[in-house]
Amino acid sequence: MGKLDVAKLYKDNAALKRIATMLEDAFNSVGERIRADLLKAYRENAMDSYADFIGKLDSGALSGEIYPRLGKFSEHKNWQDYATFNAKAAKQEYRHFRTWEELRPFVNFISASLKKADARANESYEGARDSFVYKNLGKLSKVIGKRQDLKNAVIKFDWQGGYFKGNLQVYLEGAYFRGDIDIKYVVRTIPNVTPYYQYPLVFVEAEVGGKHYQRPSEEELRVLLSGVSSKKYEEQKVAEAAAEGWCPMSGKDAGKSATKRYDHCPGCGAWTSIQHYKFRKHKTPAAEKAATASKLTESGYCPKSREKVSAATIATIGPVSGYGDPKVACEHCGQLTRLDAQKDWIFEGVPQGGHATKAIVKSARYYKHKLK
Ligand SMILES: [Zn+2]
Ligand SMILES: [Zn+2]
């Protein structure tokens with residue numbers, strides 16, 4: 001796989017992992033045509049840019065700074081994306097050209113280069129393959145859910161009507177479904193090379209428990225395969241989200257906060273960003289705190305590390321030295337622990353012109369400390 005590690009996303013489900021590999025193989029099986037189309041577009045674009053660049057460099061149409069300050073347009077400033085300068089043949093040590101005038105005398109030592117074009121085409125190809133796998137697997141994981149009883153799966157592609165028309169068949173224990181899985185793509189070349197991809201997946205038929213279904217929707221297929229009703233499924237999802245610490249306001253309308261970019265969530269109080277008038281997916285402060293605490297404990301630290309000392313414990317701390325950190329027995333582990341404290345000087349009883357040396361602790365946090 002490329003940058004996107006889909007296998008890792010679905011590591012807990014062997015069936016989905018297997019389907020992920022199949023999707024990738026299926027894409028690769030027809031991928032040479034896609035890769036060739038991408039290479040052709042990127043190379044043609046590079047050769048056109050190169051011809052234009054050499055013409056303009058030679059004629060003097062390019063002049064002045066190659067890399068002007070921010071905001072100023074400079075045509076062909078990325079000339080090395082499609083051209084190479086042969087410094088050795090020009091008997092020049094490699095140097096950085098600042099202006100077109102500096103580069104112009106060497107025009108005969110510049111040649112076309114397709115290295116970058118090829119790299120971009122390959123990158124685009126890998127990106128396309130990854131998102132093909134990712135998008136289809138996302139849909140399939142919704143309908144398959146937690147089932148892992150995959151018996152067989154087949155994907156076949158044909159080139160029809162200008163795109164890859166695919167047929168996907170999935171066999172589970174006592175269940176079967178079939179879908180149309182397509183790869184459509186267009187490579188636009190003006191003004192830049194920009195490939196567009198689409199990967200529609202439509203469920204065509206299903207057979208579950210001996211019964212046949214035509215064109216089930218994603219939701220219908222999910223219910224058929226899992227036996228879990230839509231209402232129950234929603235409840236399960238809400239319960240799972242809560243168990244994972246997600247605030248139920250996640251993704252909900254931000255109400256009167258809608259026009260702000262950030263606000264306190266009315267559900268959990270967390271400072272939350274708002275996108276498209278909805279609260280971003282966020283965990284409750286309690287869940288965040290628990291996660292931090294468990295991370296600390298895992299690495300051998302007391303979960304009270306960096307936490308606030310309770311008011312009751314603060315009240316037990318008498319006057320302390322105004323300099324240096326006070327200590328107190330940690331409420332969790334009992335160890336005498338250094339505090340990051342806010343203090344007020346005690347001026348009472350200090351003679352005129354003298355310096356206060358004692359202070360009273362107003363509030364404090366435990367320093368990070370290890371569990372014994
Ligand atoms: Zn919240
Ligand atoms: Zn402690």
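What percentage of the 372 residues in the protein do buried residues make up? The answer is 22%, where buried means that 20 or more other C-beta atoms lie within 10 Å of a residue's own (12 or fewer makes it exposed, anything in between partly exposed, with C-beta atoms placed from the backbone). Bear in mind that this is a predicted model, in which local features need pLDDT of at least 70 and side-chain atom pairs count only at pLDDT 80 or more, while totals for chains, interfaces and linings use all residues. Residues are numbered from 1 along each chain as its sequence is written, and chains are lettered from A and ligands numbered from 1 in the order in which they are written.

Let's start with the overall build. The radius of gyration is 32 Å, whereas a compact globule of 372 residues would come out near 21 Å; the value is taken over C-alpha atoms, and the globule rule is 2.2 Å times the number of residues to the power 0.38. Put the C-alpha atoms in a box along the principal axes and you need roughly 90 × 80 × 45 Å. The protein is divided into domain 1 (6–24 + 118–237), domain 2 (40–117), domain 3 (242–298) and domain 4 (300–366), with bounds that come from an automatic or database domain assignment. The centres of domain 1 and domain 4, taken over C-alpha atoms, are separated by 60 Å.

In secondary structure terms, you have eight helices and 16 strands. These are DSSP runs numbered from the N terminus: H or I with at least four residues for helices, E with at least two for strands.

Now for the nonpolar cores, meaning sets of buried Ala, Val, Leu, Ile, Met, Phe, Trp, Tyr and Cys residues joined through C-beta atoms within 7 Å. The largest one has 40 residues, and L16, I19, L23, F132 and L137 have the most contacts inside it. Two or more residues each come from α2 (14–59), α4 (115–144), β4, β5 (175–181), β8 (201–208) and α5 (218–226), with α2 giving the largest share, 15 residues. Domain 1 and domain 2 both contribute residues, so this core lies between them. Zoom in on F132: leaving aside neighbours within four places in sequence, F132 is in contact with L23, F27, I183 and Y199, contact being C-beta atoms, placed from the backbone, within 7 Å. Apart from that core lies another, of nine residues, including C330, L339, V361 and Y366.

Other parts sit out in the open. Strand β3 (residues 150–160) has 11 residues and zero of them are buried, so β3 lies largely in the open. It runs antiparallel to β4 (residues 163–172), joined by 10 bridges; strands count as paired if DSSP finds at least two bridges between them. W159 stands opposite F164 in β4, and in the hairpin, which has two residues between the strands, G161 takes a positive phi near 60°.

Helix α6 (residues 230–243) is a similar story: zero of its 14 residues are buried, so α6 lies largely in the open. Its end C-alpha atoms are 20 Å apart, which agrees with the 20 Å expected at 1.5 Å a residue (the rule being 1.5 Å times one less than the number of residues). Just after α6, G245 takes a positive phi of about 90°.

Finally, β10-β11-β12 form an open antiparallel sheet of three strands. Its edges are β10 (262–264) and β12 (278–279), each pairing on one side only. Two bridges join β11 (residues 271–275) to β12, and Q275 has K278 in β12 as its bridge partner.

How values were computed: Contact = placed C-beta atoms within 7 Å.
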